[in-house]
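Student: I'd like to learn how to read pockets and ring pairs in a model. Can we go through one together?
Tutor: Sure, let's pull it up.

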Amino acid sequence: MTSIAIVYHSGYGHTAEVAKAVAQGAAEVAATQVHLIPIEDAEAKADLINGADAIIFGSPTYMGSVSGPFKTWMDATAKVWFGQGWKDKIAAGFTVSGSQSGDKLNTLIQLAVFAAQHGMIWVGTGLMPGNNSSNGSVEDINRLGSFLGAMAQANSDQGPELAPPQADRKTAALLGQRVAEAAKRWVKCIPPVTAACSSGPCSEILPA
(Lines give C-alpha, C1' and ligand atoms only; values in the text may rest on other atoms or scores of the structure.)
Protein backbone atom coordinates (compact mmCIF):
# COMPACT_ATOMS: atom_id res chain seq x y z
CA MET A 1 0.00 0.00 0.00
CA THR A 2 1.08 3.56 -0.76
CA SER A 3 0.20 6.00 2.01
CA ILE A 4 -0.92 9.58 1.31
CA ALA A 5 -1.37 12.13 4.11
CA ILE A 6 -3.39 15.23 3.35
CA VAL A 7 -2.67 17.84 6.01
CA TYR A 8 -4.88 20.91 5.80
CA HIS A 9 -6.40 23.85 7.64
CA SER A 10 -9.91 25.05 6.85
CA GLY A 11 -11.25 28.20 8.45
CA TYR A 12 -14.77 28.14 6.99
CA GLY A 13 -15.10 24.68 5.47
CA HIS A 14 -14.14 25.49 1.87
CA THR A 15 -10.59 24.16 2.11
CA ALA A 16 -11.93 21.02 3.78
CA GLU A 17 -14.09 20.38 0.71
CA VAL A 18 -11.06 20.71 -1.55
CA ALA A 19 -9.12 18.36 0.74
CA LYS A 20 -11.91 15.80 0.39
CA ALA A 21 -11.73 16.10 -3.39
CA VAL A 22 -7.95 15.58 -3.32
CA ALA A 23 -8.49 12.51 -1.15
CA GLN A 24 -11.12 11.11 -3.52
CA GLY A 25 -8.76 11.47 -6.44
CA ALA A 26 -5.89 9.81 -4.60
CA ALA A 27 -8.13 6.95 -3.46
CA GLU A 28 -8.92 6.10 -7.09
CA VAL A 29 -5.39 4.80 -7.49
CA ALA A 30 -5.22 1.13 -6.57
CA ALA A 31 -3.46 0.11 -3.36
CA THR A 32 -3.47 3.66 -1.99
CA GLN A 33 -4.35 4.49 1.59
CA VAL A 34 -5.40 8.11 2.17
CA HIS A 35 -5.40 9.96 5.49
CA LEU A 36 -7.30 13.25 5.77
CA ILE A 37 -5.73 15.17 8.64
CA PRO A 38 -7.11 18.55 9.77
CA ILE A 39 -4.36 20.76 11.15
CA GLU A 40 -5.96 20.51 14.59
CA ASP A 41 -5.18 16.77 14.59
CA ALA A 42 -1.72 16.97 13.01
CA GLU A 43 0.22 16.70 16.26
CA ALA A 44 -1.77 13.71 17.47
CA LYS A 45 -1.40 12.02 14.06
CA ALA A 46 2.28 12.84 13.57
CA ASP A 47 3.11 9.15 13.14
CA LEU A 48 0.69 8.87 10.21
CA ILE A 49 2.18 11.95 8.58
CA ASN A 50 5.77 10.90 9.17
CA GLY A 51 5.06 7.41 7.85
CA ALA A 52 3.33 8.55 4.66
CA ASP A 53 4.94 8.13 1.24
CA ALA A 54 3.47 11.47 0.14
CA ILE A 55 2.22 14.52 2.01
CA ILE A 56 -0.19 16.96 0.39
CA PHE A 57 -0.40 20.35 2.10
CA GLY A 58 -3.58 22.44 1.99
CA SER A 59 -4.30 25.90 3.36
CA PRO A 60 -6.63 28.77 2.63
CA THR A 61 -4.92 31.90 1.41
CA TYR A 62 -5.27 34.56 4.09
CA MET A 63 -3.69 37.95 3.46
CA GLY A 64 -1.62 36.52 0.62
CA SER A 65 -0.12 33.54 2.45
CA VAL A 66 -0.95 30.37 4.33
CA SER A 67 -3.21 30.75 7.34
CA GLY A 68 -1.83 31.35 10.82
CA PRO A 69 -2.69 27.87 12.15
CA PHE A 70 -1.04 26.23 9.16
CA LYS A 71 2.10 28.33 9.50
CA THR A 72 2.30 27.47 13.20
CA TRP A 73 2.28 23.79 12.27
CA MET A 74 4.89 24.36 9.56
CA ASP A 75 7.20 25.93 12.12
CA ALA A 76 6.58 23.05 14.52
CA THR A 77 8.02 20.57 11.98
CA ALA A 78 11.53 21.90 12.67
CA LYS A 79 12.44 18.72 14.58
CA VAL A 80 11.39 16.60 11.60
CA TRP A 81 13.43 18.90 9.34
CA PHE A 82 16.50 18.57 11.56
CA GLY A 83 16.34 14.80 11.27
CA GLN A 84 15.41 14.95 7.56
CA GLY A 85 12.43 12.76 8.33
CA TRP A 86 10.53 13.75 5.21
CA LYS A 87 13.45 13.70 2.80
CA ASP A 88 12.57 12.13 -0.56
CA LYS A 89 8.86 11.91 0.20
CA ILE A 90 6.48 13.17 -2.49
CA ALA A 91 4.85 16.55 -1.78
CA ALA A 92 2.13 18.70 -3.33
CA GLY A 93 -0.20 21.51 -2.31
CA PHE A 94 -3.53 23.24 -2.77
CA THR A 95 -5.13 26.48 -1.65
CA VAL A 96 -8.43 28.37 -1.68
CA SER A 97 -9.38 32.04 -1.55
CA GLY A 98 -12.48 34.14 -2.12
CA SER A 99 -11.00 36.04 -5.06
CA GLN A 100 -10.09 34.69 -8.48
CA SER A 101 -6.46 35.54 -7.78
CA GLY A 102 -6.26 36.44 -4.12
CA ASP A 103 -2.47 36.02 -4.43
CA LYS A 104 -2.90 32.25 -4.14
CA LEU A 105 0.32 31.69 -6.06
CA ASN A 106 2.26 33.07 -3.11
CA THR A 107 0.69 30.44 -0.85
CA LEU A 108 1.64 27.62 -3.21
CA ILE A 109 5.19 28.98 -3.46
CA GLN A 110 5.32 29.07 0.32
CA LEU A 111 4.23 25.43 0.49
CA ALA A 112 6.70 24.39 -2.23
CA VAL A 113 9.60 26.11 -0.47
CA PHE A 114 8.54 24.43 2.78
CA ALA A 115 8.62 21.06 1.02
CA ALA A 116 11.99 21.84 -0.55
CA GLN A 117 13.48 22.67 2.84
CA HIS A 118 12.34 19.25 4.00
CA GLY A 119 14.08 17.67 0.99
CA MET A 120 10.81 16.53 -0.55
CA ILE A 121 9.95 15.95 -4.22
CA TRP A 122 7.29 18.43 -5.38
CA VAL A 123 4.53 17.39 -7.80
CA GLY A 124 2.55 20.04 -9.68
CA THR A 125 -0.84 19.72 -11.32
CA GLY A 126 0.41 18.57 -14.72
CA LEU A 127 -2.71 20.20 -16.17
CA MET A 128 -3.05 22.62 -19.04
CA PRO A 129 -4.85 25.84 -18.07
CA GLY A 130 -8.57 26.14 -18.74
CA ASN A 131 -10.92 29.07 -19.29
CA ASN A 132 -8.28 31.09 -21.13
CA SER A 133 -9.84 31.49 -24.56
CA SER A 134 -13.09 32.61 -26.13
CA ASN A 135 -14.13 28.96 -26.15
CA GLY A 136 -13.25 28.48 -22.48
CA SER A 137 -15.64 28.14 -19.59
CA VAL A 138 -15.70 28.45 -15.81
CA GLU A 139 -16.56 24.75 -15.92
CA ASP A 140 -13.11 23.93 -17.33
CA ILE A 141 -10.63 21.82 -15.41
CA ASN A 142 -7.88 24.05 -13.98
CA ARG A 143 -9.98 27.12 -14.77
CA LEU A 144 -7.65 29.27 -12.62
CA GLY A 145 -4.63 28.17 -14.63
CA SER A 146 -2.28 26.89 -11.92
CA PHE A 147 0.70 24.62 -12.56
CA LEU A 148 2.42 24.61 -9.15
CA GLY A 149 -0.55 23.24 -7.22
CA ALA A 150 -4.34 23.13 -7.20
CA MET A 151 -6.11 26.47 -6.82
CA ALA A 152 -9.75 26.87 -5.89
CA GLN A 153 -11.97 29.91 -5.51
CA ALA A 154 -14.92 30.07 -3.12
CA ASN A 155 -17.42 32.91 -3.25
CA SER A 156 -17.35 34.69 0.10
CA ASP A 157 -21.13 34.67 0.39
CA GLN A 158 -21.51 30.92 -0.19
CA GLY A 159 -20.94 28.07 2.22
CA PRO A 160 -18.87 24.93 1.53
CA GLU A 161 -21.94 23.08 0.28
CA LEU A 162 -21.79 25.31 -2.82
CA ALA A 163 -18.26 26.65 -3.04
CA PRO A 164 -15.74 26.00 -4.46
CA PRO A 165 -17.47 24.98 -7.71
CA GLN A 166 -17.25 21.52 -9.19
CA ALA A 167 -14.56 22.52 -11.69
CA ASP A 168 -12.18 23.34 -8.85
CA ARG A 169 -13.06 20.16 -6.99
CA LYS A 170 -12.39 18.08 -10.11
CA THR A 171 -9.06 19.85 -10.53
CA ALA A 172 -8.18 19.01 -6.93
CA ALA A 173 -9.16 15.37 -7.46
CA LEU A 174 -6.84 15.16 -10.46
CA LEU A 175 -4.00 16.52 -8.32
CA GLY A 176 -4.68 13.85 -5.70
CA GLN A 177 -4.69 11.16 -8.36
CA ARG A 178 -1.43 12.42 -9.85
CA VAL A 179 0.30 12.49 -6.49
CA ALA A 180 -0.86 8.97 -5.67
CA GLU A 181 0.38 7.68 -9.02
CA ALA A 182 3.71 9.47 -8.60
CA ALA A 183 4.11 8.13 -5.07
CA LYS A 184 3.46 4.59 -6.23
CA ARG A 185 6.11 4.86 -8.96
CA TRP A 186 8.56 6.58 -6.62
CA VAL A 187 8.21 4.03 -3.83
CA LYS A 188 8.71 1.16 -6.27
CA CYS A 189 11.77 2.69 -7.90
CA ILE A 190 13.79 4.19 -5.09
CA PRO A 191 17.11 2.38 -4.48
CA PRO A 192 17.85 -0.41 -4.12
CA VAL A 193 16.23 -1.32 -7.42
CA THR A 194 14.46 -4.65 -7.21
CA ALA A 195 13.64 -7.16 -9.93
CA ALA A 196 9.96 -6.32 -9.48
CA CYS A 197 10.69 -2.66 -10.09
CA SER A 198 12.85 -3.18 -13.15
CA SER A 199 10.05 -5.12 -14.81
CA GLY A 200 7.19 -3.04 -13.42
CA PRO A 201 5.39 0.15 -14.42
CA CYS A 202 8.40 2.36 -13.71
CA SER A 203 10.92 0.30 -15.69
CA GLU A 204 11.08 2.99 -18.36
CA ILE A 205 12.82 5.42 -16.00
CA LEU A 206 15.47 2.92 -14.91
CA PRO A 207 18.82 2.41 -16.62
CA ALA A 208 18.96 -0.51 -19.00
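Student: Which elements each supply at least two residues of the lining of the second largest pocket?
Tutor: Some ground rules come before the pocket. This is a predicted model, where local features need pLDDT of at least 70 and side-chain atom pairs count only at pLDDT 80 or more, while totals for chains, interfaces and linings use all residues. Residues are numbered from 1 along each chain as its sequence is written, and side-chain values use heavy atoms, with hydrogens and water left out.
Tutor: Now the idea: rolling a probe the size of a water molecule over the atoms shows where empty space is left. On a 1 Å grid over the protein atoms alone, a pocket is an open set of points with protein on both sides within 12 Å along at least five of seven lines, where a 1.4 Å probe fits; lining residues have an atom within 4 Å of a point. The elements you asked about are helix H1 (14–27), S3 and S5. Helices (H or I, at least four residues) and strands (E, at least two) are DSSP runs, numbered from the N terminus.

Student: Which element gives the most to that lining of the second largest pocket?
Tutor: That's S3, with 3 residues.

Student: How do the residues of the lining of the second largest pocket divide?
Tutor: Ala, Val, Leu, Ile, Met, Phe, Trp, Tyr, Cys and Pro count as nonpolar, Asp, Glu, Lys and Arg as charged, and the others, Gly among them, as polar. Here you get 6 nonpolar, 13 polar and no charged. For the largest pocket, the split is 9 nonpolar, 2 polar and 3 charged.

Student: And which elements each supply at least two residues to the largest pocket's lining?
Tutor: Helix H2 (46–51), helix H3 (68–76) and H4 do.

Student: On to rings: how many aromatic pairs does the structure hold?
Tutor: Rings of Phe, Tyr and Trp (its six-membered ring) pair if their centres lie within 6.5 Å; planes under 30 degrees apart are stacked, over 60 edge-to-face and the rest tilted. This structure holds 7. One of them joins phenylalanine 57 and tryptophan 86: tilted, 6.2 Å centre to centre, with 35 degrees between the planes.

Student: Why does that pair tie together parts that are apart in sequence?
Tutor: Phenylalanine 57 lies in strand S3 (residues 54–62) and tryptophan 86 in the loop between helix H4 (78–82) and strand S5 (90–97), so the parts joined are 29 residues apart. Ring pairs also link Phe57, Phe70, Trp73, Trp86 and Phe114 into a cluster.

Student: Are phenylalanine 57 and tryptophan 86 buried or exposed?
Tutor: Both are buried, meaning under 20% relative accessible area with a 1.4 Å probe and protein chains only (exposed is over 50%, partly exposed in between).
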